[in-house]
Amino acid sequence: MTRQLHHHIAGRERPGGGGHHGEVFDPATGQVAAHVPLADADDVRMAVDAAHAAFPAWAATPPLQRARVMFRLRALIERDADALARTITAEHGKTISDARGEVTRGMEVVEFAAGIPHLLKGEFSAEVGRGVDSWSERAPLGVVAGITPFNFPVMVPLWMAPVALACGNAFVLKPSEKVPSAALHLAALMREAGLPDGVFNVVHGGREAVEALVADPRVQALSFVGSTPVAQALYRAGSEAGKRVQALGGAKNHAVVLADADIEAAADALLGAGYGSAGERCMAISVAVCVGDATADALVAALKARVEALRIGQGLDDPDMGPLVDAAHRERVRGYIDLGVAEGAQLVVDGRAHACAQGPGFFLGGSLFDRVTPDMRIYREEIFGPVLCVLRVADFEAALALVDGHGYGNGTAVFTRSGGAAREYARRVQAGMVGINVPIPVPMAFHCFGGWKRSIFGPLHMHGPDGVRFFTRLKTVTARWPEGAAVAEFVMPTMG
Ligand code: NAD
């Protein structure tokens, strides 16, 4: 039976007012599993009304009490981890083990946010002048909104919401309309954890809903994760509307394999990083840069055997790789494989020919391209599917120049046995997250997540200390308690 989903506004289920809805698929079968309401401006206004009304009392709640809500939320996420993972797999298609990992990584941000009394502590300077003290404090912004992509239905909302809420903000989440159910589960858990109604709201939808959030002057900040064109446009529109914006975009993550690397270990690492979650990760490795032809020949041979042996199937059966998220995205990825062949790259493994690509569901086999060159579109553009491109360069400097010349700068990895080469790479490379013999260097919740170049718009990264900075405003207070008559001062005050 097709489920009918709803918005979550002021603690209650709300049907969409405008009557528009989208279809949510089970990618493993290709069947429609649910209908999701697509919010219009009135639906969004109701959600912002609820958040705006709930904000003052929540902001006035002591940080320690807000932290206790986070402790309870953490316990509830752990209790429901399996159900959340099943929901992710049902709508995204990724394997159940991978979905469980996603839930854990999201839960870790809740654990970070539970430390909010410590994180909000300001700095204090006594006697900045005679009888004058000065201190800083962090105030919440008000109503803030999160707009999230399809590929992490639990983790990316949890990159944003726990930090924003613990800081004292009220939140409106607009999850991807392709994977809407997990956000509703999170909303129910937040309620159960004791979060007052209206402090966390969920509106579903696409562009129209996002534009309504941008247009509402009560929304103080937008935290966005998605593709680069949308991130860039939202950063511009939100900034022009006077909002604070952080917008994380797409990626083309390079793994540099130096001649001294352990090739078998590198091939294992690249297999998981390139084809895990069917390549639908912003931290997936989609380019392997081999230093020297011998390195490339050995790596391609090791990868070929592994890619051909990938176990592909329904996510709930826990194979290596599940389907892509929907039919349109599969066609897009298939189109890039056609393009790579037309551009003259050598297709070593053809995922289009895999048996799974013929059956029901949005499956595609893993593809491996060798002898890709920097001018090809399959190199320059984000494919976001199970396609790994191998490029060959002469030396370390050429590898570094290639990575730095690319428009995206999210993550990168280097495989080597040389500490000196690894250190040099990590120090000089133009990317936000670097792995040394670690293919997917996703920072922990107490550090910050974010790329460089066209992988991010705005100065502040996700979660960690940057998350607290993004969701608060700094205030600095200077205080004096004079005794006796005040004296008018007409010159710039100095404390000398
Ligand atoms: P997307 O840009 O299509 O959608 C992201 C969000 O924006 C969704 O909520 C969607 O409904 C909304 N949206 C889509 N089109 C819009 C428009 N024209 N105006 C306003 N809002 C719009 O991205 P996606 O396909 O859901 O996710 C995949 C992309 O996200 C990839 O490019 C991937 O690299 C990126 N991503 C980046 C990170 C990161 O941390 N940098 C993490 C995860 C995913």
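I began with the elements around the ligand and noted that helix 8 (207-215) and strand 11 (219-225) each supply at least two residues of its shell; helices (H or I, at least four residues) and strands (E, at least two) are DSSP runs, numbered from the N terminus. This is a predicted model, in which local features need pLDDT of at least 70 and side-chain atom pairs count only at pLDDT 80 or more, while totals for chains, interfaces and linings use all residues. Residues are numbered from 1 along each chain as its sequence is written, and side-chain values use heavy atoms, with hydrogens and water left out.

I then looked up the domains, and found that the shell draws at least three residues from each of domain 1 (3-249 + 455-477) and domain 2 (253-436), with bounds from an automatic or database domain assignment.

Next I listed the neighbours: of the 28 residues around the ligand (a heavy atom within 4 Å), those that come nearest are Thr-148, Lys-174, Glu-177, Ser-227 and Glu-382.

I also looked up polar contacts, which are pairs of N or O atoms within 3.5 Å. One oxygen atom of the ligand is 2.7 Å from an N or O atom in the side chain of Glu-177, and an oxygen atom of the ligand is 3.2 Å from a polar backbone atom of Gly-226. On the nitrogen side, I noted a ligand atom 2.8 Å from a polar backbone atom of Gly-249.

Key
Polar contact = N/O pair within 3.5 Å; in protein donor to acceptor, adjacent residues only side chain to side chain.
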